[in-house]
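Please open the model in your viewer and keep the selection panel at hand. The tour below proceeds from one selection to the next and states what is to be found at each stop.

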Amino acid sequence: MVVVTGASSGIGWLAAHTFAARGDTVVLAARSAQTLGEIAVECEQRGGRALAVPTDVSDEGAVQALTRRTVETFGRIDAWVNGAAVWSYGRFEDTPGPVFRQVVDTTLFGQVHAARAVLPQFRSQGHGVLVNISSLYGRLSSPYVAPYVAAKWALIGFSDVLRQELRDAPGVAVCTILPGAVDTPIYRHAANYVGRQVRPLPPVIPPERVVAAVVRAVDHPRREIVVGRAHHLAAWAHRLVPLLYDRLVVPVVNGAALRDVPVPVHDGTVFAPDPASNGVDDGWRRHDHRLVATILPTAAGGAAAAAAAVALSRRLP
Ligand SMILES: NC(=O)c1ccc[n+]([C@@H]2O[C@H](COP(=O)([O-])OP(=O)(O)OC[C@H]3O[C@@H](n4cnc5c(N)ncnc54)[C@H](OP(=O)(O)O)[C@@H]3O)[C@@H](O)[C@H]2O)c1
């Protein structure tokens with residue numbers, strides 16, 4: 001019996017299908033009520049039982065109600081997958097305060113509210129797995145995504161603390177998943193204050209790989225699971241050579257994540273869902289090879305420029 005938040009799109013949608021296909025009961029939570037109802041039908045067609053419970057995870061009362069409804073209906077909760085998130089693209093100074101707050105309220109506090117609601121249930125049952133989907137943006141940073149990066153870094157620390165405090169409950173586990181760039185509609189859903197269309201930084205991994213990690217975490221809980229080797233390497237670069245990383249990340253993101261397609265600024269799905277744009281993936285992997293051809297020269301050029309700047313600065317009095 002698994003609760004999945006963010007079940008109306010991307011990784012959450014595919015996770016719901018996957019749990020249902022192996023006969024699990026799934027409770028689906030997100031804001032898009034009609035989409036959730038359709039996905040619940042698809043889950044039942046795949047062999048599972050499903051209940052759609054429209055929920056705004058940034059509202060603590062709504063998350064408590066979701067938990068109560070699940071326990072009243074099914075008697076227990078074996079696992080809870082926290083997948084709901086929103087994000088925004090824009091320089092910090094161009095990002096409206098309420099947008100920053102709502103990204104954090106959804107992406108961090110949505111998971112905090114879930115932990116507060118479900119951990120007492122896990123303790124009383126003597127078992128349960130909480131899967132928090134963070135991101136490799138919780139181990140590295142990038143311009144234009146300040147609220148999302150703040151939320152994802154905080155979520156990793158929050159999950160660590162929960163694990164430490166749950167050492168007295170050996171049947172209860174907390175697992176953090178850290179994916180790199182995944183082919184889902186999240187890039188289309190993002191609020192935009194840069195005025196250019198955004199896309200994931202390649203290489204983009206399919207949502208199936210993240211969902212496989214989520215299922216693995218539920219069946220065999222582990223502390224952390226990283227999905228996506230290339231972005232994992234970038235996280236190591238962020239840690240080992242932070243000054244060089246800071247110099248390179250701006251040209252790489254400007255060249256590879258911002259497209260030369262102007263778009264009006266908009267709030268994306270930060271405050272309200274856009275069910276028409278939900279889906280399991282968004283076709284980003286088809287463009288990957290062209291983007292890798294862009295990103296490599298940009299990174300190489302940036303590294304050469306950074307090395308030259310460092311050499312020059314050493315020669316100046
Ligand atoms: N795609 C990537 O590159 C990537 C990389 C690393 C980590 N992740 C993480 O993976 C998880 C899933 O993201 P995704 O890529 O599948 O994105 P997605 O396709 O945009 O799905 C996001 C989900 O969150 C739900 N949601 C948004 N605001 C909500 C709210 N206030 N209350 C309840 N549900 C809300 C959305 O549904 P409604 O709009 O219907 O509410 C949707 O179901 C997120 O935690 C994301 O940060 C994604």
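A residue is counted as near the ligand if its C-beta atom, placed from the backbone, lies within 6 Å of the ligand. Please bear in mind throughout that this is a predicted model.

**Stop 1: the ligand and its shell**

Begin by selecting the ligand. Which residues come nearest to the ligand? They are Gly6, Gly10, Arg31, Ser32 and Pro273, out of 32 residues around the ligand. Colour the shell by residue class, and 15 nonpolar, 15 polar and two charged residues will appear. Next, highlight helix 1 (10–21) and helix 7 (186–189), each of which supplies at least two residues of this shell. Helix 1 provides the largest share, three residues.

**Stop 2: the sheet**

Hide the side chains and display the strands. Seven of them form an open sheet, and their order across the sheet is 3-2-1-4-6-7-10, with parallel pairing. At the edges are strand 3 (49–52) and strand 10 (224–227), each of which pairs on one side only. On average, and with direction ignored, neighbouring strands of this sheet are turned by 15° against each other.

Two helices that pack on this sheet may be selected in turn. Helix 2 (residues 33–45) touches strand 2 (25–29) and strand 3, and the direction of helix 2 makes about 175° with that of strand 3. Helix 5 (residues 109–125) touches strand 1, strand 4, strand 6 (128–133) and strand 7 (172–179). The direction of helix 5 makes about 165° with that of strand 6.

Within the sheet, now select strand 1 (residues 2–5) together with strand 4 (residues 79–82). These strands run parallel and are joined by four bridges. Which residue of strand 4 stands opposite valine 4? Valine 81 does.

**Stop 3: helix 1 and helix 2**

Return to helix 1 and add helix 2 to the selection. Their axes lie 8 Å apart, and the two helices pack at an angle of about 30°. Angles under 35 degrees count as roughly parallel, and helix 1 and helix 2 are therefore roughly parallel to each other. Their crossing is right-handed. To see the contact, show Trp13, Ala16, His17 and Ala20 of helix 1 with Ile39, Glu42 and Cys43 of helix 2. Five residues of this contact are nonpolar, one is polar and one is charged.

**Stop 4: helix 1 and helix 8**

Keep helix 1 and replace helix 2 with helix 8 (residues 207–219). The axes of helix 1 and helix 8 are 9 Å apart, and the packing angle is about 55°. Helix 1 and helix 8 are therefore oblique to each other. This crossing, too, is right-handed. From helix 1, select Gly10, Ile11, Leu14, Ala15 and Thr18; these meet Pro207, Glu208, Val210, Val211, Val214 and Val215 in helix 8. The contact of helix 1 with helix 8 comprises eight nonpolar residues, two polar and one charged. Gly10 links this stop with the first: Gly10 takes part in the contact with helix 8 and is also among the residues that come nearest to the ligand.

**Stop 5: helix 4 and helix 6**

Select helix 4 (residues 97–107) and helix 6 (residues 146–165), which pack at an angle of about 30° with axes 9 Å apart. Helix 4 is therefore roughly parallel to helix 6. The two pass each other in a right-handed crossing. Phe100, Val103, Val104 and Thr107 of helix 4 make the contact with Pro147, Tyr148, Ala150 and Ala151 of helix 6. Seven residues of this contact are nonpolar, one is polar and none is charged.

**Stop 6: two backbone details**

Two loops complete the tour. In the loop between strand 6 and helix 6, select tyrosine 144. Its phi is near 80°, a positive value in a residue other than glycine. Then proceed to the loop between strand 9 (196–198) and helix 8, where proline 203 is found. Is the peptide bond from proline 202 to proline 203 cis or trans? The bond is cis, with omega near -5°.

Terms used:
Residues numbered from 1 in each chain as written. Predicted model: local features only at pLDDT ≥ 70, side-chain atom pairs only at ≥ 80, totals over all residues. Pairing = 2+ DSSP bridges. Axes fitted to C-alpha atoms, helices over the stretch in contact; angles between N-to-C directions. Contact = placed C-beta atoms within 7 Å. Nonpolar A, V, L, I, M, F, W, Y, C, P; charged D, E, K, R; others polar. Parallel < 35°, antiparallel > 145°, perpendicular 65-115°, else oblique. Left-handed = near helix turned anticlockwise from the far one by under 90°.
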